[in-house]
Amino acid sequence: MLQLPDSPPRMKTLVSVDESYKLCQELTAKYAKTFYLGTLLMSPAKRQSVWAIYAWCRRTDELVDGPASAITTPETLDLWEKQLESIFAGHPLDNYDVALVDTLQSFALEIQPFRDMIAGQRMDLYRSRYEKFEDLYLYCYRVAGTVGLMSTTIMGIDTSLYTAPWYQNKKPYLPIDEAIALGIANQLTNILRDVGEDARRGRIYIPLEDLAKFNYSEEELFQGILDDRWRSLMQFQIDRARQYYTKADQGISYLAPDARWPVWAASMLYGQILDVIERNDYEVFSQRAYVPQWQKLRTLPAAWMRSQVL
């Protein structure tokens, strides 16, 4: 239940910082298995802070896509944004907030990406179609590109190169565009994986101009028609998502050394969902694409090698 910062004092005492991080960890492990595996490769401080961010993002998403989404209104999101402001003011209002408040004391996170994510949820309240990719891109930035911005602050950047005398007047490169690109790639992957689930909610996230390009209708999507037109349309979407993964990967070498392996792992593991969609013959109407655990574990050494040489 949302609670305004100026509400009367609570009778309930909030959990400790350690207990709050544990709650965030459990939430991440339950709902983001692939992402969670990548976080286990991080240092303890970075790992738990990323869990705190994920928990906030997940709970934000649940307001629109969760069990109680039917009663979510713009006013609900207004209250959630006020609770966000309270967190950034150092005043947690629920047990999950405690961890995020602690994270903010260790990392200089900005509030705007969090606000932008809430704006993305607002879009889901009144939009179920996107005419052009440019429109979808804005949505993807808000609900996922923002996560790249938040996470980059936690990951940190490599400043060792800039200690040389000839670099002293140069500022370290911040891979902001690449971080956003990874979030965009992940969200595009989610969209392709969840076509059937979204259709059952009356939503289509594939741009309508792309459907028209391949002479495939909204009605056929709702019916789950799988033919060569659909395969070509899906391959077009997959190729676009992979372009964003490629752009994102170009920024990993700028991150702090201890962050490169988990980010490579996250990028490679999530990108493999696209491979599974292809192997499933683009059947995303009733079949959910997932990467088996053995394949995830086999990917980790390859991700480590990339983190050392790329």
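This report describes the overall fold, one helix pair and two individual residues of a predicted model.

The model is predicted, so that local features need pLDDT of at least 70 and side-chain atom pairs count only at pLDDT 80 or more, while totals for chains, interfaces and linings use all residues. Residues are numbered from 1 along each chain as its sequence is written, and side-chain values use heavy atoms, with hydrogens and water left out.

**Overall fold**

The protein chain contains 14 helices and zero strands; helices (H or I, at least four residues) and strands (E, at least two) are DSSP runs, numbered from the N terminus. Along the principal axes, the C-alpha atoms fill a box of roughly 55 × 55 × 40 Å. The radius of gyration of the protein chain is 20 Å, which agrees with the value near 19 Å for a compact globule of 310 residues. That quantity is taken over C-alpha atoms, and the globule rule is 2.2 Å times the number of residues to the power 0.38. Of the 310 residues, 52% are buried, where buried means under 20% relative accessible area, exposed over 50%, and partly exposed in between (1.4 Å probe, protein chains only). Among contacts (heavy atoms within 4.5 Å) with a separation of 6 or more, 73% join residues 24 or more positions apart.

**Packing of H3 and H5**

Helix H3 (residues 44–65) packs with helix H5 (residues 95–106) at an angle of about 130 degrees, and their axes lie 9 Å apart. Axes are lines fitted to C-alpha atoms, for helices over the stretch in contact, and angles run from 0 to 180 degrees between N-to-C directions. H3 and H5 are therefore oblique to each other: angles under 35 degrees count as roughly parallel, over 145 as roughly antiparallel, 65 to 115 as roughly perpendicular and the rest as oblique. On the H3 side, Ser 49, Ala 52, Ile 53, Ala 55, Trp 56 and Arg 59 meet Tyr 96, Asp 97, Ala 99, Leu 100 and Thr 103 of H5.

**Two residues**

The table sets out two residues with their helices and accessibilities.

| Residue | Helix | Relative accessibility |
|---|---|---|
| Asn 186 | H8 (residues 176–193) | 22%, partly exposed |
| Leu 297 | H14 (residues 293–309) | 46%, partly exposed |

Leaving aside neighbours within four places in sequence, Asn 186 is in contact with Tyr 245 and Tyr 270. From C-alpha to C-alpha, Asn 186 and Arg 242 are 9.7 Å apart in space and 56 residues apart in sequence. Leu 297 and Ser 128, separated by 169 residues in sequence, are 36 Å apart by C-alpha positions.
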